[in-house]
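New to this one? Have a look at the fold first, and then we'll walk through a few spots together.

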Amino acid sequence: FNSDSALLSQDLVFNTVPAAGAKIEVTSLSYFTFVQILSVPGIPINARFGSSVASATDGRQVIIGAPFDDSDTVNTSGSVYAFDRSVTAYTITDPTDLSYALPANFQEPVAVKLNNQFLTNDAQFLNGQFSVVGTNVVLASSVTLAVGDVLELESNVFREIQKLNADLPFDEGQYGASVDLCTNNCSLYIGSPYDGTIYARSEEHTSELQSRLH
């Protein structure tokens with residue numbers, strides 16, 4: 001498979017030589033490529049940014065908790081940051097045009113979807129369906145386009161879009177200790193395990209009742 005394969009005893013040896021044109025696929029159980037470090041300028045060093053992480057099912061939004069971050073009104077109450085991952089969408093008007101521009105600062109590996117179906121990158125697949133040439137995605141001649149098709153380029157440019165805090169920030173409440181997105185990517189759930197807001201309200205209410213009884 002590569003220069004290290006012989007050392008790992010992973011050479012591909014056939015008992016019967018495959019016929020001409022046979023397709024051979026090799027997959028790994030898991031494989032990830034470093035893309036980018038996400039950070040927030042000016043966040044306190046002890047904010048524990050990254051203690052919790054959630055992603056939309058399509059990877060286009062990333063939610064990161066910082067349970068010891070400061071809110072606008074209360075220090076160390078916790079915050080949650082939402083990041084957007086860039087996607088450029090083209091509606092095909094000229095089916096003969098096979099080259100499409102990527103946004104500035106794009107980061108590989110680029111993913112390409114045509115009508116919600118992923119295309120294969122020729123850097124990873126023999127006879128792949130697209131390649132990255134300079135700052136453009138170039139589709140292979142084997143890809144058939146039609147007017148009205150939707151081509152999406154996922155280019156890994158991350159941008160912070162929102163900082164979230166509790167409606168009533170609680171000192172050391174650890175808002176953002178856990179985060180999750182629903183399976184439809186429409187709702188965000190945030191844990192704040194040490195938020196004593198309800199308890200504090202109950203105490204105030206009890207004190208008020210006692211004062212009235214006295």
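## A first look around

This protein has 11 strands and 1 helix. Keep in mind as you browse that the model is predicted. Starting at the N terminus, the elements go β-β-β-β-β-β-β-β-β-β-β-α, so to read the order by eye you'd pass through the strands and end on the helix. In the whole chain of 214 residues, 31% count as buried. The accessible surface adds up to about 14200 Å², and carbon and sulfur atoms hold 52% of that. As for contacts between residues at least 6 apart in sequence, 60% of them join residues at least 24 apart.

## The sheet

How are the strands of the open sheet ordered? There are 6 of them, in the order β1-β2-β3-β9-β5-β6, and the pairing is antiparallel. At the edges sit β1 and β6 (117–118), each of which pairs on one side only.

Let's zoom in on one pair. β2 and β3 run antiparallel to each other and are joined over 6 bridges. One residue pair to look for here is Ile-64 with its bridge partner in β3, Tyr-81.

## Two residues to visit

Next stop: the loop between β2 (61–66) and β3 (79–91), which is where you'll find Ser-71. Is Ser-71 buried or exposed? Its relative accessibility is 9%, and because buried means under 20%, Ser-71 counts as buried.

What does Ser-71 touch? Leaving out neighbours within four places in sequence, Ser-71 is in contact with Ser-77, Ser-79, Lys-163, Asn-165 and Pro-169. There's also a polar atom of the Ser-71 side chain 2.9 Å from the backbone nitrogen of Val-74.

Thr-33 is another place to stop, in the segment before β1 (52–55). With a relative accessible area of 40%, Thr-33 is partly exposed, because that label covers values between 20% and 50%. Thr-33 also makes a nice example of how sequence and space can tell separate stories: Glu-108 is 75 residues away along the sequence, while the two C-alpha atoms are 8.9 Å apart.

Here are the two residues side by side:

| Residue | Where | Relative accessibility |
|---|---|---|
| Ser-71 | loop between β2 (61–66) and β3 (79–91) | 9%, buried |
| Thr-33 | segment before β1 (52–55) | 40%, partly exposed |

Notes
Residues are numbered from 1 along each chain as its sequence is written. This is a predicted model: local features need pLDDT of at least 70, side-chain atom pairs count only at pLDDT 80 or more; totals for chains, interfaces and linings use all residues. Side-chain values use heavy atoms; hydrogens and water are left out. Helices (H or I, at least four residues) and strands (E, at least two) are DSSP runs, numbered from the N terminus. Buried means under 20% relative accessible area, exposed over 50%, partly exposed in between (1.4 Å probe, protein chains only). A polar contact is a pair of N or O atoms within 3.5 Å; within protein, one must be able to donate a hydrogen and the other to accept it, and residues adjacent in sequence count only if both atoms are side-chain atoms. Contact means heavy atoms within 4.5 Å. Accessible areas come from the Shrake-Rupley method with a 1.4 Å probe; for residues, only the protein chains shown count as cover. Two strands pair if DSSP finds at least two bridges between them.
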